[in-house]
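Please open the structure in your viewer and keep the sequence panel beside it, since each stop on this tour begins with a selection.

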Amino acid sequence: MAVYQVITTPDQVLRVKAKAVGKINDGVFRVLDNMKDTLYAENGVGLAAPQIGISKRLVVIDTGDNYMELINPEIIEAQGEQVGNEGCLSVPGTVGLVKRADKVTVRALNRLGEEQILEGSGLLARAFQHEIDHLDGILFIDKAIETHHEPI
Ligand code: CO
């Protein structure tokens, strides 16, 4: 078990477009394992590898009922609209209202290198979009309609 230190703004690693994962090897497994430990240690809903200083296209998500790992995720379909509050472990103490698609379909690889198609609506759709944005160097504060500070 290893918990990473979560990197916060304005660290530039959060602003770089992350590189696709090539070979899914032990190094990738180790990063995913440690991202999972970090997600739960920080009580997060999702975590993207740039947030722990690794500029690779890896995401872990758990909205409360299902843990998932996404390698090279891509949104292939988006529908509807939802507006709701978001926060981010990399932007501590800030909450913002963000407009997102209400339902998305994501294509990603699993640990075996198999393609998986995942669908999410509501909070899960929001998490998919927020985390995949991280892989492109985008933070929720870039998209927020308004933000406010919340005591930690
Ligand atoms: Co975030």
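**A walk from strand to metal site**

Begin by selecting Asn72, which is found in strand S3 of this predicted model. Its phi is positive, about 50 degrees, although the residue is not a glycine. Most residues other than glycine have a negative phi, and most peptide bonds are trans. Is Asn72 buried or exposed? With a relative accessibility of 19%, Asn72 counts as buried, because the cut-off for that class is under 20%.

For a second residue with a positive phi, select Asn43, which is not a glycine either and has a phi of about 55 degrees. Asn43 lies in the loop between H1 and S1 and is exposed, its relative accessible area being 71%.

Next, show the strands as a cartoon. Five of them form an open sheet in the order S1-S2-S3-S6-S7, with antiparallel pairing. At the edges are strand S1 (46–48) and strand S7 (115–121), each of which pairs on one side only. From one strand to the next, the twist averages 40 degrees. If you then select strand S6 (residues 103–109) together with S7, you will have an antiparallel pair joined by seven bridges, and within this pair Lys103 stands opposite Ser121 in S7.

Now add the helices. Helix H1 (residues 26–41) packs on the sheet, where it touches S1, strand S2 (58–62) and strand S3 (67–79), and its direction makes about 35 degrees with that of S2. H2 packs on the sheet as well, touching S1, S2, S3, S6 and S7, and its direction makes about 125 degrees with that of S7. In the segment before H1 you can select Pro10, which is joined to Thr9 by a cis peptide bond with an omega of about 10 degrees.

Stay with H2 and select the whole helix, residues 122–135. Its end C-alpha atoms are 21 Å apart, which agrees with the 20 Å that its 14 residues should span at 1.5 Å a residue. Twelve of the 14 residues are buried, so H2 is largely enclosed by the rest of the structure; among the buried ones are Leu124, Phe128, Ile132 and Leu135. After the helix comes Gly137, whose phi is positive, near 80 degrees.

Within H2, select Arg126, which is buried with a relative accessible area of 7%. What does the side chain of Arg126 make a polar contact with? The partner is the side chain of Glu86, at 2.5 Å. Leaving aside residues up to four places away in sequence, Arg126 touches Gln82, Val83, Gly84, Asn85, Glu86, Val98 and Arg100.

Finish at the cobalt ion, and display the side chains around it. Which residues coordinate the cobalt ion? The donors are the SG atom of Cys88 and the NE2 atoms of His130 and His134, at 2.0 to 2.2 Å. Along the sequence these donor residues follow the spacing C-x41-H-x3-H. Because His130 and His134 are four residues apart in helix H2, about one helical turn separates them, and both histidines are buried.

Key:
Residues are numbered from 1 along each chain as its sequence is written. This is a predicted model: local features need pLDDT of at least 70, side-chain atom pairs count only at pLDDT 80 or more; totals for chains, interfaces and linings use all residues. Side-chain values use heavy atoms; hydrogens and water are left out. Donors are N, O and S atoms within 2.8 Å of the metal (3.2 Å for Na, K and Ca); water is not among the atoms, so sites may look incomplete. Helices (H or I, at least four residues) and strands (E, at least two) are DSSP runs, numbered from the N terminus. Buried means under 20% relative accessible area, exposed over 50%, partly exposed in between (1.4 Å probe, protein chains only). The expected span of a helix is 1.5 Å times one less than its number of residues. Two strands pair if DSSP finds at least two bridges between them. Axes are lines fitted to C-alpha atoms, for helices over the stretch in contact, and angles run from 0 to 180 degrees between N-to-C directions. Contact means heavy atoms within 4.5 Å. A polar contact is a pair of N or O atoms within 3.5 Å; within protein, one must be able to donate a hydrogen and the other to accept it, and residues adjacent in sequence count only if both atoms are side-chain atoms.
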